[in-house]
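Student: I am new to this structure and would like a close look at a single part of it. Could you walk me through the pockets, and what surrounds them?

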Amino acid sequence: MTVRLNFFTNAVATKFARHLVAADRALAESGLPAATQELVKLRVSQINGCGFCVDMHSKDAAHAGETATRLHLVAAWREATVFTDAERAALELAEQGTRIADAAGGVTDEAWANAAKHYDEDQLAALVCAIALINAFNRGNVMVQQPAGGYEPGQLH
């Protein structure tokens, strides 16, 4: 696969990407657990078929101590017993927030209420922002066919 547009060398794309990365850094200080953020980023990236982000977030999560079992089971989280109720609520919100076009109603009241049981308002805000942000990253990477497999943990942080 050949990248169509290099986000690392194009001035406009690089400037835009820096703003997205800065937004991601703000979420790191939000109180939303880092493990939850990585699981959500990984699941959304799987849904969107963004190989670069799947590669990045699985490697960053593993580097931060996430277990291989949990990383492998993110795609099948509903059937897995290795996630907390809070993580499951975050993954459900992430899936519904990513698949807005597939569901005329968007995120259900039930999914929102379930997430609100586990996260305070600031954490919910961070979760919503993280879901929106990873969707933006995924869409850009998929459009330009950003290749996957060569990411090194911490490379873009």
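Tutor: Here is a walk through the pockets, followed by a helix pair and a stretch named in a record. Please keep in mind that this is a predicted model.

Let's begin with the largest pocket, which holds about 520 Å³ of space. Its lining is made up of 25 residues, and those closest to the centre are F8, A17, V21, F137 and L156. Where do the lining residues come from? Three helices each supply at least two of them: α1 (11-28), α3 (51-63) and α7 (121-144). Of the elements, α1 gives the most, with eight residues of the lining. If you sort the lining of the largest pocket by class, you find 15 nonpolar residues, six polar ones and four charged ones.

Now turn to the second largest pocket, where the space comes to about 320 Å³. Here 16 residues form the lining, and A34, A35, E38, D60 and A64 lie nearest the centre. The elements giving two or more residues to this lining are α1, α2 (34-48) and α3. The largest share comes from α2, which provides five residues. By class, the lining of the second largest pocket has six nonpolar, four polar and six charged residues.

You may like to see how a database record labels this region. An unreviewed UniProt entry carries the annotation "domain: Carboxymuconolactone decarboxylase-like" for residues 16-95. In the model, that span is 72% helix and 0% strand, and its end C-alpha atoms lie 25 Å apart.

Finally, have a look at a helix pair, α5 (residues 85-98) and α6 (residues 109-118). The axes of α5 and α6 come within 9 Å and cross at roughly 145°, and the crossing is left-handed. Which residues meet there? On the α5 side they are D85, A86, A89, E92, L93 and Q96, while α6 brings A111, W112, N114, A115 and H118. By class, the residues of this contact comprise six nonpolar, three polar and two charged.

To trace all this on the model, you could start from α1, which gives eight residues to the lining of the largest pocket, and then find α2, the source of five residues in the lining of the second largest pocket.

How values were computed: Residues numbered from 1 in each chain as written. Predicted model: local features only at pLDDT ≥ 70, side-chain atom pairs only at ≥ 80, totals over all residues. Heavy atoms only, no water. 1 Å grid on protein atoms, 1.4 Å probe; cavity = no way out; pocket = protein on both sides within 12 Å on 5 of 7 lines; lining within 4 Å. Points joined across faces, edges and corners; volume = space filled by probe spheres on them. Helix = DSSP H or I, 4+ residues; strand = E, 2+ residues; numbered from the N terminus. Nonpolar A, V, L, I, M, F, W, Y, C, P; charged D, E, K, R; others polar. UniProt positions renumbered as here; feature names shortened; annotations may be inferred. Axes fitted to C-alpha atoms, helices over the stretch in contact; angles between N-to-C directions. Left-handed = near helix turned anticlockwise from the far one by under 90°. Contact = heavy atoms within 4.5 Å.
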